[in-house]
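Grab a pencil and work through these short exercises. Try each task yourself before you read its solution.

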Amino acid sequence: MGIISWIVLGLLAGVIAKVLLPGRDPGGLIGTTLIGVAGAFLGGWISAKLLDRPIQKEFFDLATWGAAIGGSLVLLIGYRLLFGNSRD
């Protein structure tokens, strides 16, 4: 996958993570993209190193999407733990 594919995957994974964990978070589209892209890399690393399941280089691979969304959820939860959850 190219860099544009990773950015698109990260954006979509970040949006899915925010849908699964609703709340008001600062950052908007750029924050969502950064959390998603970083989550995609984190999820891929965890999948390859800890679960011994390397990520495929295909955009529509279910394991790639699962790892990206899972990594985004981990980063979003960590972000909320560090900077507070503003559900008001």
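**Exercise 1. Find the element that holds Ala63, then decide how open to solvent Ala63 is.**

Step 1: Ala63 sits in helix H3. Helices here are DSSP runs of H or I with at least four residues, strands are runs of E with at least two, and both are numbered from the N terminus.
Step 2: Ala63 has 23% relative accessibility, so Ala63 counts as partly exposed. The cut-offs are under 20% relative accessible area for buried, over 50% for exposed, and partly exposed in between, with a 1.4 Å probe and protein chains only.
Step 3: Now look along the chain: Gly44 is 19 residues apart from Ala63, and their C-alpha atoms are separated by 9.1 Å.

Some ground rules: this is a predicted model, where local features need pLDDT of at least 70, side-chain atom pairs count only at pLDDT 80 or more, and totals for chains, interfaces and linings use all residues. Residues are numbered from 1 along each chain as its sequence is written, and side-chain values use heavy atoms, leaving out hydrogens and water.

**Exercise 2. How many helices and strands does the protein have?**

Step 1: Count them up, and you get three helices and zero strands.
Step 2: Read from the N terminus on, and the order is α-α-α.
Step 3: Of the 88 residues in the protein, 33% are buried.

**Exercise 3. Describe how H1 and H3 pack.**

Step 1: Two packed helices are described by the angle between their axes and the distance between the axes.
Step 2: For H1 and H3 (residues 62-83), the angle is about 55° and the axes are 8 Å apart. That angle makes H1 oblique to H3.
Step 3: Axes are lines fitted to C-alpha atoms, for helices over the stretch in contact, and angles run from 0 to 180 degrees between N-to-C directions. Under 35 degrees is roughly parallel, over 145 roughly antiparallel, 65 to 115 roughly perpendicular, and the rest oblique.

**Exercise 4. Are Gly36 and Gly14 buried or exposed?**

Step 1: Gly36 belongs to helix H2 (residues 28-49), and at 0% relative accessibility Gly36 counts as buried.
Step 2: The C-alpha atoms of Gly36 and Trp6 are separated by 9.3 Å, with the two residues 30 apart along the chain.
Step 3: Gly14 lies in helix H1 and is buried too, with a relative accessible area of 2%.
Step 4: Thr32 is 18 residues apart from Gly14 along the chain, yet their C-alpha atoms are separated by 5.1 Å.

**Exercise 5. Place Ile3 and classify it.**

Step 1: Ile3 is part of helix H1 (residues 3-20).
Step 2: Its relative accessibility is 59%, so Ile3 counts as exposed.
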